Amino acid sequence: MSHPAFSDIPTNPDVIIIGAGSAGLGAARRLQKEGKSFVVIEAADRVGGRAWTQSDSFGVPVDMGASWVSGADKNPYTKIARKNGFHLVEHTHAKTDLFRLDGSRADAQDFDDYAKNFKAMEKAMCKAAKKGRDVAASEVIPNDLPWIGAIQSWMGPMDYGVDFDEISTLDDWDSESDQPSYFVREGLGAVVATKAEGLPIKLNTTVSHIDWSGNGVRIAPNNGTLQAKACIITVSTGVLAAGRIRFTPELPPAKVEAAHNLPMGLLVKVPMMFDGARVGLGENNWVTYQVPNEMPAKACYFIAWPCGHNYLFGNIGGKL
């Protein structure tokens, strides 16, 4: 996809925003409404952060990062997508193509066991959280039921980006619902990129040092220096915890500790292009197969033909 049209870069902005992902673009729009001058600094050659729609490989939009407008009844991207003419495809009640360990299709009893044990997992986690137990989900769930390996793979590494031994029961309980949810036919990354239109953004600009020792801040990117009254940092906690940005003076210990205590999960997406054959899989369906209950499970689960496109995209997460 082409880059959105950016505006000229101010020489002495009120605020420097580091990161042109959803948070950085949101901060920029807020400052714009308040009449502040600003510039957005982005290390990559594109905007959107972890929302990235790529069309070059397959000739159709593929979301290589974030894929769903989750919690769509409250998510501002629902309104943004509709306002800009994007096509939303409902995915809240998607069906599942389910396969046994031997590769055969699941029968009615398998589907019943899968659904029942899914609820059993959720119930065990909720029970612990209601008691105030902030423990790993792996400590409270049943591990000897059919389909538990597959269910853990979806709920853990492919949903949270970590395995069940790293999921807090309280965090899970406190999280917002991800339903209802939508796909975007043109790509969610393309929707996020619309927020960059007309903003002053410097791409391919890596920030290595932030000096906030005096009045205002001085930023040392890879192509010069910038000064501003304030700086908003929207990079990931992983970047901060790795110390990729130096600070003068150093950040307060509580800030550094917070970055380390909010680790990022890991999810890899694997799109596979087909020639139009549907191989018995339903459009927008989940594709799940049984795996042994040992964790981490060697599982890559798929979405089939999202929005009618001729590809599957697989998900591999957590320790695997």
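Two strands count as a pair if DSSP finds at least two bridges between them. The model shown in these views is predicted.

**View 1. Strands E9 and E10 form a hairpin.** Strand E9 covers residues 207-211 and is joined to E10 by 4 bridges. The two strands run antiparallel. Val 207 stands opposite Pro 221 in E10. Between E9 and E10 lie 5 residues. Gly 216 sits in this turn, with a positive phi of about 80°.

**View 2. Strand E10 also forms a hairpin with E11.** Here 4 residues separate the two strands. Gly 224 in the turn has a positive phi of about 130°. E11 spans residues 226-228, and 3 bridges tie E10 to E11 in the antiparallel sense. Val 217 has Ala 228 of E11 as its bridge partner.

**View 3. Side chains alternate along strand E10.** E10 runs over residues 217-221. Val 217, Ile 219 and Pro 221 point to one face and are buried. Arg 218 and Ala 220 point to the other face and are not buried.

**View 4. Four strands make an open sheet with parallel pairing.** The order is E8-E2-E1-E12. Strands E8 (201-202) and E12 (230-233) stand at the edges. Each has a single partner strand, so one side of each is left without a neighbour in the sheet. Strand E2, residues 38-41, pairs with E8 over 2 bridges. Ile 41 has Lys 202 in E8 as its bridge partner. Helix H1 (residues 22-33) packs on this sheet and touches E1 (15-18), E2, E8 and E12. The direction of H1 makes about 160° with that of E1.

**View 5. Helix H1 has a buried side and an exposed side.** The end C-alpha atoms of H1 are 17 Å apart. At 1.5 Å a residue, its 12 residues should span 16 Å, so the two values agree. Gly 24, Leu 25, Ala 27, Ala 28 and Leu 31 are the buried residues of H1. They cover an arc of only 160° around the axis, which puts them on the same side of H1. An α-helix has 3.6 residues a turn, so residues three or four places apart point the same way. Ala 23, Arg 30 and Lys 33 are exposed on the other side of H1. The buried residues of H1 pack against E1, E2, helix H6 (188-193), E8 and E12. Just after H1, Gly 35 takes a positive phi of about 75°.

**View 6. The largest nonpolar core has 31 residues.** Tyr 114, Met 121, Met 125, Phe 164 and Tyr 301 have the most contacts inside this core. H3, helix H4 (148-155), strand E16 (301-304) and strand E17 (311-317) each give two or more residues to the core. H4 supplies the largest share, 5 residues. Leaving aside neighbours within four places in sequence, Met 121 is in contact with Ile 141, Pro 142, Ile 148, Ile 151, Gln 152, Met 155 and Phe 164. A second, separate core holds 27 residues, including Ala 28, Tyr 182, Ile 201 and Leu 203.

**View 7. Lys 127 is exposed on helix H3.** H3 covers residues 108-130. Lys 127 has a relative accessible area of 54%. Exposed means over 50%, so Lys 127 falls in that class. Lys 127 and Thr 205 are 78 residues apart in sequence. Their C-alpha atoms are 47 Å apart in space.

Note on methods. Residues are numbered from 1 along each chain as its sequence is written. This is a predicted model: local features need pLDDT of at least 70, side-chain atom pairs count only at pLDDT 80 or more; totals for chains, interfaces and linings use all residues. Side-chain values use heavy atoms; hydrogens and water are left out. Buried means under 20% relative accessible area, exposed over 50%, partly exposed in between (1.4 Å probe, protein chains only). Contact means heavy atoms within 4.5 Å. Axes are lines fitted to C-alpha atoms, for helices over the stretch in contact, and angles run from 0 to 180 degrees between N-to-C directions. The expected span of a helix is 1.5 Å times one less than its number of residues. The arc is that of the directions from the helix axis to the C-beta atoms. A nonpolar core is a set of buried Ala, Val, Leu, Ile, Met, Phe, Trp, Tyr and Cys residues joined through side-chain atoms within 4.5 Å.
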